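Me: I would like to take a close look at a single part of this protein. Please describe one strand and its surroundings in a connected way.

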Amino acid sequence: LARAPPPARRHAVPPRFLRSLPASPRSPGPVRFAPCSAMAAARSLSATAQMLATALVAGERRALSKAITLVESTQPASREAADELLSLVLPQRDASRCLRLGISGPPGTGKSTLIESLGLELASRRHRLAVLAVDPSSHRSGGSVLGDKTRMPQLSANPAAFIRPSPAQGVLGGVARRTEDVALLCESGGYDRVVVETVGVGQSEVVVAGLVDMFVLLVPPGAGDGLQGIKRGIMELADLVVVTKCDGALKPVAKAAAQDIRAALSVLRPRDAAWAPRVITSSMHDPGSAAAVADVIEEFRATMGRAGALRARRAEQAVSRVWEHARADVLHRLGGMPGVQALIGELAASAAAGSMPYSRAGSL
């Protein structure tokens, strides 16, 4: 008699793969293990945050890159892991050694050129430098080029420097949504000088001034008459104004522009009583330009530190940032409430039809 073949052995399938199994003819639907998978993913992200925190405090550059990726993620689970990561590394951060610099200016001013020369100068002074370069995002596709590192080839190769491009993702003010959290990670990783390079900005983009200790504004020669410096906005928040491209045929123009800006700033009230804004010129062809900027930065830190103004500025910024995040969280929760989107649509239609003003529709 022919022996029947043995029954086929059924191998256990890990639960994480069962979500892709099709429904059998006898079952009403596919096998789902979403709750278990969500719990496992949360535990995995928590463990990842703990491992990243240990490696980050030890000074590993790769851990810093991964930590920034986690912090910049928009996934809710990643947000919780990022908060856990920040809570683990913040106690290890020595804020007294750190100084944040915000460098801003119109497009084409030479921000990347100055940052590279300044970064090399700071590295020669035994500082560790982190550059957070914010790149503009497309309003159509949402993508960004993120090519700032290619403009800093020498600084990118320096072991004392860390450069991280980030997309603006539609955030106004010249910075990215998580720039302040990324700066905290860099400081926790041992970088005592953090430079935030904004996108090309105009007169009203002043968000970066509320994130950094010292705000450096770059101005090209021939940017306008002296009246431009008196206009309220980005100029009155600058701790240092650098007129770039002071060489060749533009040298007299740059010198005149610097003099006009000094005269304009003299009629404005200083941002802090302990520090009067400085105005200097720079040129990529002058090796001493980067040293001059670095000297002013160190003078600012020493002067503001002795007067206690630096600590007071950071405390004031903390209050503003907490309020900003609270407003953003309230708007996010409001948008997720049932019926809100339908109500917004009705009010918007009424406002567009001219039956009520937009201010009235927003208050309702």
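Reply: What follows concerns strand β1 and then the second largest pocket. The model is a predicted one.

Strand β1 covers residues 99-104, and six of its six residues are buried, so the strand is largely enclosed by the rest of the structure. Buried here means that a residue has under 20% relative accessible area. This cover is found on both faces of β1: Leu 99, Leu 101 and Ile 103 are buried on one side, while Arg 100, Gly 102 and Ser 104 are buried on the other.

Two strands that pair with β1 can be described in turn. Strand β4, residues 193-197, pairs with β1 in the parallel sense over five bridges. Within this pairing, Arg 100 stands opposite Val 194 of β4. Strand β5, residues 214-219, also pairs with β1 in the parallel sense, over four bridges. Here the bridge partner of Gly 102 is Phe 215 in β5.

Arg 100 also leads to the second largest pocket. Of the 17 residues that line this pocket, Arg 100, Glu 180, Leu 184, Ala 318 and Arg 321 lie nearest its centre. The elements that give two or more residues to the lining are α7 (179-188) and α11 (309-336). Helix α11 gives the most, with six residues. By class, the lining has eight charged, six nonpolar and three polar residues. The volume of the second largest pocket is about 480 Å³.

Methods. Residues numbered from 1 in each chain as written. Predicted model: local features only at pLDDT ≥ 70, side-chain atom pairs only at ≥ 80, totals over all residues. Heavy atoms only, no water. 1 Å grid on protein atoms, 1.4 Å probe; cavity = no way out; pocket = protein on both sides within 12 Å on 5 of 7 lines; lining within 4 Å. Points joined across faces, edges and corners; volume = space filled by probe spheres on them. Nonpolar A, V, L, I, M, F, W, Y, C, P; charged D, E, K, R; others polar. Buried < 20%, exposed > 50% of the residue type's maximum accessible area, 1.4 Å probe, protein only. Pairing = 2+ DSSP bridges.
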